[in-house]
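Here is a brief report on one protein model. Look over the sequence and the fold before reading on.

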Amino acid sequence: MADPASLGQRAGELAGEAGALARNLDALSQQLALSTQQAAHAGTPFVFELTIFALAVFVGYYVVWRVTPALHSPLMSVTNAISSVIIVGALIAAGPFGLGFAKLMGFVAVILAAVNIFGGFIVTQRMLQMFQRKK
């Protein structure tokens with residue numbers, strides 16, 4: 001069994017080490033906050049954004065072309081739901097005053113998403129008519 005004096009001394013040492021760790025953690029958090037602010041002001045490079053877009057195109061292509069015919073209709077209904085979210089984002093992009101590239105692309109996105117949504121409703125209506133009983 002250890003004596004109380006050595007336990008008190010060890011507790012003091014551990015408290016000192018905990019204080020040093022807390023100071024180091026505070027310094028690291030300040031460095032992280034500074035680097036995050038610098039990264040936010042630097043912006044993302046165009047090549048990075050273009051790479052993400054190209055990868056999304058490839059993934060989308062391979063996912064859609066591997067769908068079996070039995071799953072085509074549920075996939076189309078999910079696509080229509082996604083288009084409704086896209087149209088909200090496109091309206092936000094097309095909203096600012098002035099004429100710029102973002103506003104033009106937002107307008108094009110609104111048109112394309114609207115065509116996709118209404119086309120999906122037409123396809124769904126025809127599909128449901130196929131399953132109705134003949135009169």
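How do the residues of the lining of the largest pocket divide into nonpolar, polar and charged?

## Largest pocket

This is a predicted model. The lining of its largest pocket holds four nonpolar residues, one polar residue and no charged ones. The lining residues are F53, A56, V57, G60 and Y61. Gly counts as polar, so G60 is the polar member. The pocket's volume is about 270 Å³.

## Nonpolar patch

Y61 also belongs to a nonpolar surface patch. Its partners there are F58, V59, Y62, V63, V64 and W65. The patch covers about 810 Å². One of its residues, V64, sits in helix α2, which spans residues 46-65.

## Overall fold and surface

The protein has four helices and zero strands. Along the sequence the pattern reads α-α-α-α.

Of the 135 residues, 8% are buried. The exposed area of the protein is about 11600 Å². Carbon and sulfur atoms supply 73% of that area.

## The salt bridge

Side chains of opposite charge can pair when their charged atoms come close. The whole structure contains one salt bridge. R10 pairs with E13, and their closest N and O atoms are 3.3 Å apart.

Both residues lie in helix α1 (residues 4-42). They are three residues apart, so about one helical turn separates R10 from E13. R10 counts as partly exposed because its relative accessibility is 42%. E13 is also partly exposed, at 39% relative accessibility. The partly exposed class lies between under 20% for buried and over 50% for exposed.

Key: Residues numbered from 1 in each chain as written. Predicted model: local features only at pLDDT ≥ 70, side-chain atom pairs only at ≥ 80, totals over all residues. Heavy atoms only, no water. 1 Å grid on protein atoms, 1.4 Å probe; cavity = no way out; pocket = protein on both sides within 12 Å on 5 of 7 lines; lining within 4 Å. Points joined across faces, edges and corners; volume = space filled by probe spheres on them. Patch = residues over 30% accessible without salt bridge, like charges linked within 9 Å, V, L, I, M, F, W, Y side chains within 5 Å. Areas by Shrake-Rupley, 256 points an atom, 1.4 Å probe, with all protein chains shown as cover. Salt bridge = Lys/Arg side-chain N within 4 Å of Asp/Glu carboxyl O. Helix = DSSP H or I, 4+ residues; strand = E, 2+ residues; numbered from the N terminus. Buried < 20%, exposed > 50% of the residue type's maximum accessible area, 1.4 Å probe, protein only.
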